[in-house]
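Student: I am new to this structure and would like to learn how to read its interfaces. Could you take me through them slowly?

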Protein chains: 2
Amino acid sequence: MAMAMACNIIHLLHFHPTPYRAFARTTLTTAFRIPSPFQNSLPKPISPPRSLSTTATFTWDDVLRVSQPQSISDSDDVTDLNGYFEKIKMCNRGSEMRFEFMPFVIENQIVGYIHNGFAENLRKFQKVFKFLPDNSNDGFHGGRLTLHPSLKTQEDRTRAVGEVVKILGEQQFPGIRNELYPVISSFGASPLFSLERAAAPYFGIKAYGIHMNGYVEKEGEKFLWIGKRSQEKSTFPGMLDHLVAGGLPHGIACGENVVKECQEEAGIPKSISSSAIPVGAVSYMDIDGYRYKRDVLFCYDLKLPESFIPKNEDGEVESFKLIPVAHVANVIRRTSIFKPNCCLVIIDFLFRHGYIRPENYGYLDLLQSLRSGDYS
Amino acid sequence: MAMAMACNIIHLLHFHPTPYRAFARTTLTTAFRIPSPFQNSLPKPISPPRSLSTTATFTWDDVLRVSQPQSISDSDDVTDLNGYFEKIKMCNRGSEMRFEFMPFVIENQIVGYIHNGFAENLRKFQKVFKFLPDNSNDGFHGGRLTLHPSLKTQEDRTRAVGEVVKILGEQQFPGIRNELYPVISSFGASPLFSLERAAAPYFGIKAYGIHMNGYVEKEGEKFLWIGKRSQEKSTFPGMLDHLVAGGLPHGIACGENVVKECQEEAGIPKSISSSAIPVGAVSYMDIDGYRYKRDVLFCYDLKLPESFIPKNEDGEVESFKLIPVAHVANVIRRTSIFKPNCCLVIIDFLFRHGYIRPENYGYLDLLQSLRSGDYS
């Protein structure tokens, strides 16, 4: 049984022999080697799994074991930042492919990016989309895409693009949710139209979310409440997650959304959640085939009473566990069992709470790497 | 008397009618208008004073008055971030002039930038400096400066450049301190030589420092200990400052330096200062004539006991005052009476502690502006 669990988690473990500079935001080519205790049983290099729908089958026992200070290798060095560099890299893939996309322009504002190959699917909808030649010198040679000038109102655009999404269907936009997402040029701007959420990455639309670190302090030691996603989730089933996180719907303020998600995801009453502190944001840009994700996550910290036990109310979380922050850091460094974008928010938490220190080699480069995204 | 104080501080006050986007890191051309209560007495636009050696003559009474929620104008809006954008801008002047500088290269690494005009002073020292033609396509058309190939060791370089600094003297390098500064290509790298500190900005050398926010929490409200610099300081005399801040000498770890500076600058014993938490870093690049500052400040937070009263031991601080964080934020937004680089660290504190919130218009742009520097 113990062996079975070890085998489950082994596929999510990796070791980082590469000097951290190799993890600057470029292509991820490094094959990860298995840490020495596992080298005999699985000698070939593995890549960390990263699929939206791959089910992670590890248990909390696996998580707790891999989180222990010396569980991996006697030579594992907690001051080695390579594992963090790699997690940032995993959220920022494919930047070298960005010129294979064309800007999606509405009312003279770039609202997204569409892959030249994917755009071919849209060419036949001449009453909805218009292809423009490229007149600028910004590296995008595939021209620009815009909406037909007859589509002047938000409603017209939403309806027309919605019909295209419906016709192209699941084959082009897997996981259609019938949930509309606002298309905006920057945070706080008025939506230019709304788009099916599953189609948003294919149009390279900016997306905003909130992630909350729920922590407890006991006798000077900090602990983070970690969630394990339901196996039924369509994205990242079974993986580790924040106590509370969610997309930011249009028209709801960040703080208000935190209170709402706190109740739904962890049963945290408003009397507690209203103390959540906004502490900044992280952003990432991830190109994966035709999908171009441009996300900004507003980060919150909530110090919870020791006595509080979270309880999921919407069925999206399987269970929660309270883990010392230093051990969570080990899980982030050593494995890929967290939903990838949570890693960025937790690395930010580790910086702000002094778990990553200037004395660690690569401190400033890691900070630069975490912060070099586009926050607009 | 009250009028005299009001007049002292009025020259350091300004109001920000410009939409925040105008404060993106470009030239600062906006003239600042006086807030309405002062418009009758001083109707002409003023620019915020910013001189290394201008003595600020305001008192703590002035500071406390201007920090009050509605002391400036009934229409002053605490959610208006323009005052913060402007402070970031003030630390990042002259970026449009960066191509008037030439890279200073040692062992194939860029260690600094020297103004083409200033470099003429160095041309006659042919046994020390060597001018190379520019072979790259990186925008620097003035060539490159390096040291004479005969200067192979750290000691030789330090001695040879030191002699040049001595010959050019106070006229070219005002404020010579006889204090050596390590010349490195990035944080943690070995020094390539050492240079008189007053000459460092003329060579565009990277500099590192530590800034510590010392705060107290009373019944859920946070207060910051603020220092007022001695009138005898050669730089920014009389201006507001952090409780503890200082340059980072070579060979001393950040945390160790914090403990040392805590003792010297505020009389904080190691038993307290060792709890200071590293919380990240801010950076800025400021071009002012021939001076090119490229600084990275490691930021620390130290939660102090309510009973602790700081006491300066090295004569560099005139006095300290404990001020509610929300009021410190008003001083930052409304005035230029803080030493400019302290503003960046305090704005970072305001972000991390939730005093600047996602609901404030321009939140993400301000975060981007604060973080867009070079941390290497």
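**Reading the interfaces**

Tutor: Let us begin inside one chain: across the interface of domain 1 of chain A and domain 2 of chain A, the rule finds two residue pairs in polar contact, both at pLDDT 80 or more. A polar contact is a pair of N or O atoms within 3.5 Å, where within protein one must be able to donate a hydrogen and the other to accept it, and residues adjacent in sequence count only if both atoms are side-chain atoms. By class, the side of domain 1 of chain A that touches domain 2 of chain A has four nonpolar, three polar and no charged residues (Ala, Val, Leu, Ile, Met, Phe, Trp, Tyr, Cys and Pro count as nonpolar, Asp, Glu, Lys and Arg as charged, and the others, Gly among them, as polar).

Tutor: Please keep in mind that this is a predicted model, in which local features need pLDDT of at least 70 and side-chain atom pairs count only at pLDDT 80 or more, while totals for chains, interfaces and linings use all residues. Residues are numbered from 1 along each chain as its sequence is written, chains are lettered from A and ligands numbered from 1 in the order in which they are written, and side-chain values use heavy atoms, with hydrogens and water left out.

Student: How much area is buried between domain 1 of chain A and domain 2 of chain A?

Tutor: Buried area is the accessible area (1.4 Å probe) that two parts lose on being put together, summed over both. For these two domains of chain A it is about 590 Å², and carbon and sulfur atoms give 64% of that.

Student: And what do chain A and chain B bury between them?

Tutor: Chain A and chain B bury about 2600 Å², 57% of it on carbon and sulfur atoms. On the chain A side, Leu364(A), Arg371(A) and Tyr375(A) lose the most area to chain B, together 25% of what that side buries.

Student: How many residues does the contact take from chain A and from chain B?

Tutor: Contact means heavy atoms within 4.5 Å, and here 36 residues come from chain A and 36 residues from chain B.

Student: How many salt bridges and polar contacts cross between chain A and chain B?

Tutor: A salt bridge is a side-chain nitrogen of Lys or Arg within 4 Å of a carboxyl oxygen of Asp or Glu. Across the interface of chain A and chain B the rule finds zero salt bridges, whereas 15 residue pairs are in polar contact there, both residues at pLDDT 80 or more. The residues of the side of chain A that touches chain B divide into 19 nonpolar, eight polar and nine charged.

Student: How are chain A and chain B related?

Tutor: Two copies of a chain are related by a rotation about an axis and a shift along it. Here a rotation of 180° with 0.0 Å of shift along its axis superposes chain A on chain B, with RMSD 0.0 Å (by least squares on the C-alpha atoms of residues with pLDDT of at least 70 in both). The two copies are thus related as by a two-fold rotation axis, and 100% of the contact residues of chain A recur in chain B, the same surface serving both copies.
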